[in-house]
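Biologist: Please take me through one part of this model in close detail. I would like the charged side chains and how they pair, then the setting around them.

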Amino acid sequence: MKIKFILLNTLIFNFLSVSLVFSETQTLWDNWYTVTSYDQVHYSYYNEKIKTDNNQIIYQMNLWKKEEGIINKENLTVYSKNDQKITPLNYHFFSNYRDSELNIEGKVTNDSRIHVTINKTNEVKTQVNKHIPKSTFFSVFFPIWIKKNLTSIQTKKIKTFYTIFEDNISLNFKSIVVEVRVEPNDNYANKTNTLKLSVIYEAKKAYWWVKKSGEPLKIFLPHQKIMIEKVPENIALQFLK
C-alpha cells in the first residue's frame, strides 16, 4: 500500500510538472497577412506568429513573394527577453531569389553590442559589430512594445524608441529612432475598434491599425504605396495564384 501511495504521488507530481511547463508557453497570435502594391498587384503573403516561452518572447515569420513570375521565400526567427524593455537576444533571417540565398545571423551581447554575420551566395562573408543604445529592441516586436506602452502612447503626443531592422543591410544594422503618435480615428479604426498610429522613421511615415494587444490588422506604407492586411489563412494561401 505504501509503494502504491508513493507511485501515485510521483505520477501526480510528474503530471503537474509537465502541465506547468506547457502552461508557460503561450501563443499571442498566429496571423496571416497579404501585401498589395499601389497598382493592386498581389506581391506577397506571410504568416506571423508571436509566442512567449518561459522568459523569452519569440517571433516567427514565413513569407512568400512573387518576383518576375517566380515565388521566393523569406524566413525570420527572432528571440528577445520577455521583459519591459523587450531586451534583444538573437535572430536568423533567410531569403532566396532564384538560386541566390541570403542568411543573416544577429546576436546582441551584454555589453550592448550587436554582432551580425551576413552570408550571401557567391559573395564573401561579411560581419558587422557595433554599439547600440540602451532600450533598443528588434523591430518585429513593435506590436509588443505597443502593448507594454499603450497608456503612455495614448497620453503623450509623441513617443520615441530605438529599434533595429533585422534584414536591412543598407542601414548597416544601426539603431533607428522611431516616432509614434496616435492619429484621429478613421472609419476603419471605428469599425474594427483599433487604434490608428502614425510611425515615422528615416523620414518615412507608415500607418498602423492595431488592437490594444498590439496585434496589427492593417499597415499602410505611403512611401512604397503598399498595403498590408490581416486575412484568413485560406485567402492568404490563394493570394499569389
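**The salt-bridge network**

Modeller: E74 is buried, because its relative accessible area is 12%, and buried means under 20%. Keep in mind that this is a predicted model. E74 forms a salt bridge with K65, with 2.7 Å between the closest N and O atoms. K65 counts as buried too, at 10% relative accessibility.

K65 has a second partner. The side chains of K65 and E67 meet in a salt bridge of 3.7 Å, N to O. Both E67 and K65 are buried. Together, K65, E67 and E74 are linked in a network of salt bridges.

Now look at E67 itself. E67 sits in strand β3. Its side chain also makes a polar contact of 2.7 Å with the side chain of N72. Leave aside the neighbours within four places in sequence, and E67 is in contact with Y43, N72 and Y97. So which side chains meet that of E67 through a salt bridge or a polar contact? K65 does so through the salt bridge, and N72 through the polar contact.

Step on to E68. E68 lies in the loop between β3 (56-67) and β4 (70-81). Its phi is positive, about 55°, although E68 is not a glycine. Most residues other than glycine have a negative phi. Is E68 buried or exposed? E68 counts as exposed because its relative accessibility is 62%, and the cut-off for exposed is over 50%. E67, by contrast, is buried.

A positive phi turns up at N172 as well. Phi of N172 is near 60°, and N172 is a residue other than glycine. N172 is found in the loop between β10 (159-164) and β11 (176-182). At 36% relative accessibility, N172 counts as partly exposed.

Back to the charge pairs. A search of the whole structure finds seven salt bridges. One of them joins E215 and K230, whose closest N and O atoms are 2.9 Å apart. This pair links distant parts of the chain, 15 residues apart: E215 is in the loop between β13 (204-210) and β14 (216-221), and K230 is in strand β15 (residues 226-231). How do the two ends compare in exposure? E215 counts as buried at 9% relative accessibility. K230 counts as partly exposed at 35%.

Q127 offers an exposed site within a strand. Q127 is placed in strand β8 (residues 126-131). Its relative accessible area is 64%, so Q127 is exposed. Beyond its neighbours within four places in sequence, Q127 is in contact with V116 and T117. The C-alpha atoms of Q127 and E105 are separated by 9.5 Å, with their positions 22 residues apart along the chain.

Finally, the chain as a whole. The chain has five helices and 15 strands. Its C-alpha atoms fill a box of roughly 75 × 50 × 45 Å along the principal axes. Of the 241 residues, 40% are buried. Take contacts between residues at least 6 apart in sequence: 40% of them join residues at least 24 apart. The exposed area is about 14200 Å², and carbon and sulfur atoms supply 53% of it. The chain carries 33 positive and 23 negative side chains. The centres of those two sets lie 7 Å apart.

How values were computed
Residues numbered from 1 in each chain as written. Predicted model: local features only at pLDDT ≥ 70, side-chain atom pairs only at ≥ 80, totals over all residues. Heavy atoms only, no water. Helix = DSSP H or I, 4+ residues; strand = E, 2+ residues; numbered from the N terminus. Buried < 20%, exposed > 50% of the residue type's maximum accessible area, 1.4 Å probe, protein only. Contact = heavy atoms within 4.5 Å. Areas by Shrake-Rupley, 256 points an atom, 1.4 Å probe, with all protein chains shown as cover. Lys, Arg positive; Asp, Glu negative; His and termini not counted. Charge placed at Lys NZ, Arg CZ, Asp CG, Glu CD. Polar contact = N/O pair within 3.5 Å; in protein donor to acceptor, adjacent residues only side chain to side chain. Salt bridge = Lys/Arg side-chain N within 4 Å of Asp/Glu carboxyl O.
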